Amino acid sequence: MSGVRAVRISIESACEKQVQEVGLDGTETYLQPLSMSQNLARLAQRIDFSQGSGSEEEEAAGPEGDAQDWAGAGSSADQDDEEGLVKFQPSLWPWDSVRNNLRSALTEMCVLYDVLSIVRDKKFMTLDPVSQDAVPPKQNPQTLQLISKKKSLAGAAQILLKGAERLTKSVTENQENKLQRDFNSELLRLRQHWKLRKVGDKILGDLSYRSAGSLFPHHGTFEVIKNTDIDLDKKIPEDYCPLDVQIPSDLEGSAYIKVSIQKQAPDIGDLGTVNLFKRPLPKSKPGSPHWQTKLEAAQNVLLCKEIFAQLSREAVQFKSQIPHIVVKNQIISQPFPSLQLSISLCHSSNDKKSQKSATEKQSPEDHLYVLEHNLHLLMREFHKQTLSSITMPHPASAPFGHKRMRLSGPQAFDKNEINSLQSSEGLLEKIIKQAKHIFLRSRTAATIDSLASRIEDPQIQAHWSNINDVYESSVKVLITSQGYEQICKWAWIAISFPLRTTFAASHVSWSIQLQLNIGVEQIRVVHRDGRVITLSHQEQELQDFLLSQMSQHQVHAVQQLAKVMGWQVLSFSNHVGLGPIESIGNASAITVASPNGDYAISVRNGPESGSKIMVQFPRNQCKDLPKSDVLQDSKWNHLRGPFREVQWNKMEGRNFVYKMELLMSALSPCLL
Amino acid sequence: MGVTCVSQMPVAEGKSVQQTVELLTRKLEMLGAEKQGTFCVDCETYHTASSTLGSQGQAGKLMYVMHNSEYPLSCFALFENGPCLIADTNFDVLMVKLKGFFQSAKASKIETRGTRYQYCDFLVKVGTVTMGPSARGISVEVEYGPCVVPSDCWSLLLEFLQSFLGSHTPGAPAVFGNRHDAVYGPADTVVQYMELFNKIRKQQQVACPQEW
C-alpha cells in the first residue's frame, strides 16, 4: 500500500438538520442538533442496566448451547472467544467501516485500471467481441425495403377498400331509396318542373300560361295529393309513385285543333258534327314520371281551348265579307268560293265510352298539321307580346304598347305611320290568309304538274324556291324544247365571227322563263321580257296562260332556228289577227325564207288550233300553174309561187323544232 | 308628310261662308278628288303670367297650343317667332299644371273644321275657321305628299292651287322663304295655321261692325 499514491477523499457529512416545523410563510424551523451531553443521555437510555454481565454470559451460553448441538465442544469455545473479541471493536473508531469500504473500492478501481491499461496495449490481453450469428447476404436491405413497402401498401389498400366499401353501401342504399321514392323527394322533382304553392294544408299548382303572358280566364290549378293506397304487405309495383296530381275535370284527356280545307260546301245539317279521330297520345319521354305526362296533356288542352276561344271571339266580332260560321266546336269560313276552311277543337276525354265510339277510322289526310302548328305558334307569340321587352319596362306615364308609339307624339306621326305600328290582324285572319296561300300554292303546283305530264312538246319545268314566306312562295317555270335548250348561244358565236360584230343578242336561250310569285289571293307572273301579269286564284287562268306561252314558244323557236340555219325572217307576229279565233290567247305566226331565196316556210301556231306549216315553192317547180301571158320573161319563174301545206304529223322528228330543222335542211340545197 | 301650303280663301261676294265652302268642295269633286273624312285644327292662346315678367314691365309673350287631326297623337306649342315644340297629348295636362306661369286667354280659342279630299298625290283640306259660335273665314290647305323640300315643288303646288282657287291663289308662304332647301316638317304647317288664325283674328277685329 505504500507504493500507491495517496488519494485524497473529501468527506462531508450531511448536516441536514431535522425540520421541526414549517411556518406559514415557508420558513423552516430546524431541530437543534443534540449536544454532547444530550447525545450521551440518549445513548445511556439505550443501555439496559438491568441485564448486567450475567445477561452477557447468558447470551454467550445461548449460542453455546446451540453450537454444542451441532458441532464439537472445541469449535464452540473458539467461537465464544471470537465473539468476545468482536464485541470490543465497535468502540475503537467510528469511521472504520467507512475506511474499509473505501479501501476495498480503491482496490477494485486499481484492478480495473490495471486491466484496462494492459488491454490497451493488446500484448497480453485483447478484447474479443462476443461471436454472433453469421451476417446474412447483401440483398438483405432490399428485400427488407420490399417487405416494408408491401406492408405499407397493404395498409393503404386496406384503407381504400374500407372507403370503397362505404361508398358502394351508400350507393346501393340510394338506389333502394329511389325505388321506394318517398313523397318529399318526388315533390321536389315535381317542383322542378311546375309552380307549386301551399294553401292551408293543400298543395296547389298552376299549369296555365298566365305567367307566360296569357289572358285566358281559366284558373288552371291542379292539386297534389299523397298516394297512400299502397299495401305494404304486397310487393311495391314498379311504377309506384307516392305522389298523384289531380287536374281539373274540364282539362282531362287530350285535345288538338283540326284545321282542314274541303272543296265542297257541306250541308247545313252537317255542321257541328266534327269528325274526330283519336290521335294517338304523344309518347312521353321514357324517364318522365306519369304526373308529367298528365300535366303536359292538361296544359295542351288548356292551350287548345284558349286558341279556339280566341278564334271564335274574333269570328263573331270582326266583320268580313263572307261571315264566318261558329257552331259548337267548329269555325267554318270560306276563303275562296267553293272552298271551305274548318277549324275545330277536338277534345277527347279518357273515358271508355269515347274510346269505343272512336273506333271508326277517319282519314286524317285533310288535316293540315302546318296550320295547327302555326296556330300554336301564333298564340304563343300573342302571349309574348304582353310580356315582351318592347312593352316592359315602360315609363309610368306612357300607355302599354309598342315602344315607337311613345315617339308618335313628339315626332308627329300621321295616321298611316300609326297604323303601320299597330298590328290590327287577329289570329283568325292570319290563319285564314295562311290557309289561302297554302291552298293556292298546292293548286298551282297541281296545275303545272298536270300540264307537264299532259304535253310533251314543248317541255315545261318548274323550279320551286326553297325559301318561302308564310304568305308568299315563288316558282320559276321554264318552257323549253327538248334538245334545243342551249343551241342559240353557240349559234351566236358562230355568226358573230365573220363581220357581224354588232349582233343583237335578243334571246340568249330559247326557253321562255316565267317567274310566278304566289301570294295570298293572286299569282303574279313576271315574264322574261319584262311584262308583269296578275292572275287571280282561278286555276283555269293559269292553265290558259301557260298554254298560250307554250304556243308562242314554238314560234319563237322557229325564229331562233332560222338564225342558226341562216334563213331570213320575213315576218314575225306574236298575235296574228288572221285565221280562226283562238279561245285561249292568240295565235302567233312567222315566215322565214331560205338562204338562196327559193323556198319560204310559213308557220302559224295557236294554243288550241295547233300548228300549221306551209312551204312556198318557186314557180318553176310547180307544175299545175296556169300559164298566162302576163309573164313575158322566164326569169320570173324563179320567184316563189304558191304555198303547199306540210303534213306535219307525218313528218319525221321527235318534236316540233326537230321537225322544223329537218324541213329547213331539206329545203336548203347543198353547196357542194 | 309632304310640303303643305295653307292659305285663306276670301268669302265670295254676296255669299256666306258656308256657300263659299260648298262651291270650293264642288269644284274639287268635279276635279276628281275623293272625300276622305274630316279634319280639325285648333289653337289656344296663353299669356305668360305677369308674376314672371319682372320689374321691367315687358309685354307678355303669347304662346299658342295647337292640335292637328292629321297627327292625332301630337300636340304643338309655339311662340310667335320662336321655337315650335312637338309633344305628346299629355302636354295639355301639363299646361293645366303650369297655370301659374301661363294663363289662357279663353276668349281666343280658334279652330278650323272641314272635309279632307285626296286627289292622287295631293291632299286638300277645306275648312271653316270658327271662333266660338261664329264662322270667321275659310282655310284651304294643300299638301303634296311625295316631296319634302319646298323649293322643289312650290311651282307644282302653285299650279294646282291655281286650278281650283283661280284668282285667289296665294303667294309662297313665309315659312318657305327662310330655308329653301331644308326639309319641310309638321311644325311648319302648324306655324302657317297660326299665322292664318292671327290674320283672321285681326281681320275680324276690323270688320267687327259688319259681322251681322
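Me: Where in chain A is A:Ala412 found?
Reply: In this model, which is a predicted one, A:Ala412 is found in chain A, in the loop between helix 10 (403-407) and helix 11 (415-421).

Me: What sign does the phi of A:Ala412 have, positive or negative?
Reply: The phi of A:Ala412 is positive, at about 50°, although this residue is not a glycine. As background, most residues other than glycine have a negative phi, and most peptide bonds are trans.

Me: And the peptide bond from A:Asp457 to A:Pro458, is that cis or trans?
Reply: That bond is cis, with omega near 0°. As for its place in the chain, A:Pro458 sits in the loop between helix 12 and strand 11 (459-464) of chain A.

Me: OK, sheets now. In what order do strands 3, 4, 5 and 6 of chain A stand?
Reply: These four strands form an open sheet in the order 3-4-5-6, and their pairing is antiparallel. Strand 3 (195-199) and strand 6 (243-246) of chain A each have a single partner strand, so each of these edge strands has one side left without a neighbour in the sheet. On average, neighbouring strands of this sheet are turned by 35° against each other, if direction is ignored.

Me: How many bridges join strand 5 to strand 6 of chain A?
Reply: Four bridges join strand 5 (residues 221-226) to strand 6 of chain A, and the two strands run antiparallel. To find this pairing in the structure, you can look for A:Lys226, which stands opposite A:Leu243 in strand 6 of chain A.

Me: Which strands does helix 6 of chain A lie across?
Reply: Helix 6 (residues 183-193) of chain A lies across strand 3, strand 4 (202-206), strand 5 and strand 6 of chain A, and its direction makes an angle of about 45° with strand 6. Helix 7 (residues 290-317) of chain A lies across strand 5 and strand 6 of chain A, running at about 10° to strand 6.

Me: What's the strand order in the sheet with strands 7, 8, 9 and 10 of chain A?
Reply: Those four strands of chain A form an open sheet in the order 7-10-9-8, with antiparallel pairing. The edges are strand 7 (254-262) and strand 8 (325-327) of chain A, and since each has a single partner strand, one side of each is left without a neighbour in the sheet. Here neighbouring strands are turned by 15° against each other on average, direction ignored.

Me: How many bridges are there between strand 7 and strand 10 of chain A?
Reply: Nine bridges join strand 7 to strand 10 (residues 340-348) of chain A, and these strands run antiparallel. One of the pairs to look for is A:Ile257 with its bridge partner A:Leu345, which is in strand 10 of chain A.

Me: Which strands does helix 12 of chain A lie across?
Reply: Helix 12 of chain A lies across strand 7, strand 9 (330-333) and strand 10 of chain A, running at about 120° to strand 10.

Me: Switching to salt bridges, how many are found over all chains?
Reply: A search of the whole structure finds 14 salt bridges over all chains. Among them is the one where the side chains of A:Lys436 and A:Glu521 meet, at 2.6 Å from N to O. This pair links distant parts of the chain, with A:Lys436 in helix 12 (residues 427-454) of chain A and A:Glu521, 85 residues apart from it, in the loop between strand 13 (512-518) and strand 14 (523-527) of chain A.

Me: And how many salt bridges are found across the interface of chain A and chain B?
Reply: Zero salt bridges are found across that interface, whereas two residue pairs there are in polar contact. The side of chain A that touches chain B has five nonpolar, three polar and two charged residues.

Me: How much area do chain A and chain B bury between them?
Reply: They bury about 840 Å² between them, and 56% of that is on carbon and sulfur atoms. In terms of residues, ten of chain A are in contact with 13 of chain B.

Me: Last one, at what angle do helix 1 and helix 3 of chain B cross?
Reply: The axes of helix 1 (residues 17-31) and helix 3 (residues 150-165) of chain B cross at roughly 115° and come within 9 Å. Residues making this contact include B:Leu24 and B:Leu28 of helix 1 of chain B, and B:Phe160 and B:Phe164 of helix 3 of chain B.

Conventions. Residues numbered from 1 in each chain as written. Chains lettered and ligands numbered in written order. Predicted model: local features only at pLDDT ≥ 70, side-chain atom pairs only at ≥ 80, totals over all residues. Heavy atoms only, no water. Pairing = 2+ DSSP bridges. Axes fitted to C-alpha atoms, helices over the stretch in contact; angles between N-to-C directions. Contact = heavy atoms within 4.5 Å. Buried area = accessible area lost by both parts, 1.4 Å probe. Salt bridge = Lys/Arg side-chain N within 4 Å of Asp/Glu carboxyl O. Polar contact = N/O pair within 3.5 Å; in protein donor to acceptor, adjacent residues only side chain to side chain. Nonpolar A, V, L, I, M, F, W, Y, C, P; charged D, E, K, R; others polar.
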